[in-house]
Amino acid sequence: MFFHDATDRIRAAAIWLSLQQKARGIAVFVPDLEDATRLDRLLWEQAPVGFTAHCESNNILSSETPIVLFKSPPARWPKSILLNLSAVVPPQVEEIEHLVEIVSKDHAGRTEGRSRFRAYQAEGFDIETRNI
């Protein structure tokens, strides 16, 4: 799934994640430290009760937590859904069951998003796009 035209990619990701409360197993690849810190903070504030359950990949509870933030890619993605918030195609993407991208509307974000879109198509992903 490619969501495009996000005014604020990280805030859009936090909102999307807060709507996935019943989903189990979402890995979020967010290698930029500033983006990871901001996303973590937003996830504490998003849900109607004020918290979207998540943790960082190095947390002892990461195997039990529905949303896990990765600042660096693991040897193998432990979750069935990957939300990619990096500027590149993540490693081992071919092992992911469901891939989600949020692409910002600024020129650089769109250019990077188009590049990833083409790479995913080349890997054989069936990609659905939606305006966010």
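## A tour from helix H1 to the aromatic cluster

Begin by selecting helix H1, residues 9–18, which in this predicted model is mostly covered, with eight of its ten residues buried. Colouring the buried positions will pick out Arg 9, Ile 10, Ala 12, Ala 13, Ala 14, Trp 16, Leu 17 and Ser 18. At the N-terminal end of H1, add Asp 8, which caps the helix through a side-chain oxygen lying 3.2 Å from the backbone nitrogen of Ile 10.

Next, turn to the largest pocket, which holds about 160 Å³ of space, and select its lining: Phe 2, His 4, Asp 5, Val 103, Arg 110, Gly 113, Arg 114, Phe 117 and Thr 129. Two elements, strand E1 (2–6) and helix H3 (107–122), each give two or more residues to this lining, and the largest share, four residues, comes from H3. By class, the lining has three nonpolar, three polar and three charged residues.

Now look at the aromatic rings, among which five pairs are counted. Select Phe 2 and Phe 117: their ring centres are 5.2 Å apart and their planes stand at 90°, so the pair is edge-to-face. Because Phe 2 lies in strand E1 and Phe 117 in helix H3, this pair ties together parts that are 115 residues apart in sequence.

Keep Phe 2, which is buried with a relative accessible area of 6%, and add Tyr 120; the ring centres of Phe 2 and Tyr 120 are 5.9 Å apart with planes at 70°, so this pair too is edge-to-face. It links strand E1 to helix H3 across 118 residues, and Tyr 120, like Phe 2, is buried. Finally, add Phe 125 to see the cluster that ring pairs form from Phe 2, Phe 117, Tyr 120 and Phe 125.

Methods
Residues numbered from 1 in each chain as written. Predicted model: local features only at pLDDT ≥ 70, side-chain atom pairs only at ≥ 80, totals over all residues. Heavy atoms only, no water. Buried < 20%, exposed > 50% of the residue type's maximum accessible area, 1.4 Å probe, protein only. Polar contact = N/O pair within 3.5 Å; in protein donor to acceptor, adjacent residues only side chain to side chain. 1 Å grid on protein atoms, 1.4 Å probe; cavity = no way out; pocket = protein on both sides within 12 Å on 5 of 7 lines; lining within 4 Å. Points joined across faces, edges and corners; volume = space filled by probe spheres on them. Nonpolar A, V, L, I, M, F, W, Y, C, P; charged D, E, K, R; others polar. Phe/Tyr/Trp six-rings, centres within 6.5 Å; stacked < 30°, edge-to-face > 60°.
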